[in-house]
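Here are some exercises to work through at your own pace. Have a go at each task before reading its solution.

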Amino acid sequence: MTTKALIKEVKTLSCSNSWRNYFFLKITTQDGIVGWSEFDQNFGSPGVEAAINQLKHRLIGQDAMHHELIREDLRNVTRPGSGGVVGQALGAIENALLDIKAKALGVPCYTLLGGKVRDKVRVYWSHFVSYRARTEHFSPPIFDIEGVRQISREVGERGFTGLKTNIFNYDENDRISGWAPGFGRPFEGGRNVERRLRKNLRRHLEVIREEAGPDIDILLDLNFNARTEGYIEILREINDLDIFWVELDTLDPEALALIRSKSAHPIASCETLIGLQQFLPYFRAQSVDVAIVDTPWNGVWQSMKIAAAAEAYETNVACHNFYGHLCTMMNAHFCAAVPNLRIMETDIDRVAWDHELFTHVPEFVDGHLIIPDRPGWGTEPIEEALLAHPPVNAGFVQQIAVARLGS
């Protein structure tokens, strides 16, 4: 058993996932142990890789077994700019250090987290309809209501028990289009929720329920796509429907508590928060039924602290997971060890080469992810495969500009 794991090299890598890129952090010790983590700088976070590279010199020669010490050192030198991109860089570093430590000890990462309380985790199919509506990347593509009907039947046929969808409009020919002004698609600064949109969303949910059947749980993600008034109007429109949870984002804990008080459905939120201090106002205000934690952003060790705080407020947690297979495995270990878990997010629709990028892919049985028992996270990127799919060249700002012009 290795008692020290002195860091020798810190390196970032990336590859294409068609419409965005995957990003990975590789930390190697002097003894040749390699720790991996996956991070993201597509989801509103340009520059995470740059922040890691600015900090990596402080890791060289440090003992990865003391990941809390390293994290605190990095917090000290970045404290004026904590959170945001810097916080996500620290989360990526922490996750790679956990992988090293677990591999040095010859144990799965969940052992470091207190051991697993479950052998499998119930998952829901995320970005349901949304990804296949990106017709140039995912197959079979969805253009209209018939595609929505087909994928809705597919959920149960493939053994899954839950799905999460987003906001869609239907035109006079029943062709669909996504509606996400919170992300600039279309650009609409007011983020107003008009009657036609509310009716279309209700119809979208009713079609899914009709085809998926009564036993499939339907989750709805509203993201940042309204303000307080709009969220309440949407809830009034769908309060009589059978919804597992309504997920939404707002930076005002009191506003979210008000929204929750108007909802017939459980409210899930907080996936864009970084650090326990950002979560605490939401817990104190009783804003959420389920607190969603992004473990790649926060770091899995820190995420366990957030989950423990949520439990003190009688609140369950879930993980934010719409990345690559390494992130899914990282989240799986978090979900395995957290007592107060509600459910786990995962993306089922994948690009054709996704499985080629990793040594192991998640195993799903009867709508559950089986927790891997291999040392570390239980999977690693395959560097040769990453090279075969070079990163997409379009920069973050260019992608946003295209989205605005396309609106």
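Accessible areas here come from the Shrake-Rupley method with a 1.4 Å probe, and for residues only the protein chains shown count as cover. The model is predicted, so local features need pLDDT of at least 70 and side-chain atom pairs count only at pLDDT 80 or more, while totals for chains, interfaces and linings use all residues. Residues are numbered from 1 along each chain as its sequence is written, and side-chain values use heavy atoms, with hydrogens and water left out.

**Exercise 1.** Find how much area the chain exposes and what share of it carbon and sulfur atoms supply.

*Solution.* Start with the total: the chain exposes about 16400 Å². Carbon and sulfur atoms supply 50% of that area. Next, turn to the inside: 58% of the 407 residues are buried, where buried means under 20% relative accessible area, exposed over 50%, and partly exposed in between (1.4 Å probe, protein chains only).

**Exercise 2.** Describe the surroundings of helix H7.

*Solution.* First locate the helix, which spans residues 228–238; helices (H or I, at least four residues) and strands (E, at least two) are DSSP runs, numbered from the N terminus. Then list its buried residues: Gly 230, Tyr 231, Ile 232, Ile 234, Leu 235, Glu 237 and Ile 238. Finally, look at what covers them, which includes helix H6 (195–212), strand S8 (217–221), strand S9 (245–247) and helix H8 (253–261).

**Exercise 3.** Which residues touch the most other members of the largest nonpolar core?

*Solution.* Begin with the term: a nonpolar core is a set of buried Ala, Val, Leu, Ile, Met, Phe, Trp, Tyr and Cys residues joined through side-chain atoms within 4.5 Å. The largest one has 100 residues, and Leu 222 and Phe 334 touch the most other members. Helix H12 (residues 325–337) gives this core its largest share, 9 residues. A second, separate core has 25 residues, including Ala 5, Met 65, Leu 74 and Leu 97.

**Exercise 4.** Is Asp 217 buried or partly exposed, and which residues is Asp 217 in contact with beyond its neighbours within four places in sequence?

*Solution.* Place the residue first: Asp 217 lies in strand S8. Its relative accessible area is 23%, so Asp 217 is partly exposed. Now apply the contact rule (heavy atoms within 4.5 Å). Leaving aside neighbours within four places in sequence, Asp 217 is in contact with Arg 122, Thr 161, Gly 162, Leu 163 and Phe 244. As a last step, compare C-alpha atoms: those of Asp 217 and Phe 160, 57 residues apart along the chain, are separated by 9.5 Å.
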